[in-house]
Amino acid sequence: MNRYVVTGGAGFIGSALVRGLSAEGRRVHVIDNLSTGNLDNLEEVADQVTVHEYDLRDYNRIAPVIAGAYRVFHLGALPSVPKSIQDPVPSHEANIDGTFNVFRAAADGKVGRVVYAASSSAYGDTEVLPKVETMAPRPKSPYAVQKLVGEYYASAFATCFDLETVSLRFFNVFGPRQDPTSVYSGVLSIFMKCLIERRSPTIFGDGEQSRDFTYVEDVVVLLIKASRANGVSGKVFNAGNGNRYTLNQTWKLLQKIEGVEIPALYGPPRPGDVRDSQADVTAAVAELGHQPRFTFEQGLRLTLEWYRADLARKQSGRKAGASVLV
Ligand code: UD2
């Protein structure tokens, strides 16, 4: 009963969590179909991790891994708002069917608690900032709907099947190992790659949209706290930093950090995009002990350093910490 399972554990956030748990001496079982995850992300902790290369849609395979676990962190998903619009079926299946399977397997297998990675996209456009958990959700994209359905399942499983669950709404997480190579990659990973390669990024819209960018290590600490806090089952918490920066401010800050001037290009706004995003973290602070440690600029500097080192490793032919900047 002391087993930890991380779905999506070979991904950017999942692998950071696996490293966090491994640092505590835990043995971790990862379920990941490697569709967006990468085993290189787990290289440093390979001897403490068992990887099950299974798809979350395959209940019969994932159920025995989940059964009897002490804690399950459900981070496996097909992310990206635009991807869910371009090609909604795979993200529906992974994010709704896959999530249902995880909760079902956890309830059947008497798991101690499931911590679910929900998304700030559930809020959609709200008239008031920061966004607080008591606001009515207004999902704008299939991805936002899918992630919200996962929260509803988390609460329903807590109520109806006596399964402890906690949902954390992630707010634009960034940091080392975020893969910048896809058009669906998170904007900061794309900005980092552009900066290092001295190229202009393309900003969709006027660049005045804002995000509560949250450094991955703060999210890892909060995930672990959410897995242990008392009296929080069935609840939803914002897992953000509490600040917000526009894309224009962010690109400017990166140029300042790097000491370069590279004007951004601008393209049409992206369908399904939320305009502004900022977390009210009062509940997470009070009930989970959330305490973000990294300012936005600190996070950007650490991430940039990592991408640069990764590129240098690649160029010198040594094995990289992750397959980025190809
Ligand atoms: C959403 C969620 C986030 C997480 C994520 C997973 C919101 C507010 N946030 O992130 O919590 O669940 O989905 O995928 O819904 N952009 C550019 N140029 C680029 C790439 C992106 O301008 O090359 C813009 C994009 O149009 C958007 C912003 O950058 O306005 C952030 O985009 P993103 O894909 O990094 O994340 P977002 O906000 O869709």
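How many of the 7 residues of strand E5 (residues 113-119) are buried? In this predicted model, the count is 7 of the 7, so E5 is largely enclosed by the rest of the structure. The side chains split into two sets: Arg113, Val115, Ala117 and Ser119 point one way, while Val114, Tyr116 and Ala118 point the other way. Whichever way they point, these residues are all buried.

E5 also has strands to pair with. With E4, the pairing is in the parallel sense and runs over 4 bridges. Here Arg71 stands opposite Arg113 of E5. Strand E6 (residues 165-170) pairs with E5 as well, again in the parallel sense, over 6 bridges. In that pairing, Ala117 has Leu168 of E6 as its bridge partner. The link between these strands involves a helix: E5, helix H5 (residues 142-161) and E6 make up a β-α-β unit, and the unit is right-handed.

Now for the helices, beginning with H2. Helix H2 covers residues 59-66, and its buried residues are Tyr59, Ile62, Ala63, Val65 and Ile66. Looking down the axis of H2, these buried residues fall within an arc of 165°, so they line one face of the helix. Behind such patterns sits a simple bit of geometry: an α-helix has 3.6 residues a turn, so residues three or four places apart point the same way. On the other side of H2, things look rather different, with Asn60 and Pro64 exposed.

What covers the buried residues of H2? The cover includes four strands, namely E1 (4-7), E2 (28-31), E3 (49-52) and E4 (71-74), together with helix H4 (88-108). E4 thus turns up twice in this account, as part of the cover over H2 and as a parallel partner of E5. After H2 comes Gly68, whose phi is positive, near 80°.

Helix H7 (residues 216-226) is mostly covered, with 8 of its 11 residues buried. The buried residues of H7 are Val216, Asp218, Val219, Val220, Leu222, Leu223, Ile224 and Ala226.

As for confidence, the protein averages a pLDDT of 96, and 97% of the residues score at least 70. One stretch stands apart: over residues 320-326, pLDDT stays under 50. The model still has 39 contacts beyond four places in sequence for that stretch. Where pLDDT is low, though, the predicted coordinates should not be read in detail.

Key: Residues numbered from 1 in each chain as written. Heavy atoms only, no water. Buried < 20%, exposed > 50% of the residue type's maximum accessible area, 1.4 Å probe, protein only. Arc of directions from axis to C-beta. Contact = heavy atoms within 4.5 Å. pLDDT = per-residue confidence, 0-100. Pairing = 2+ DSSP bridges. Right-handed = clockwise from strand over helix to strand, strands pointing away.
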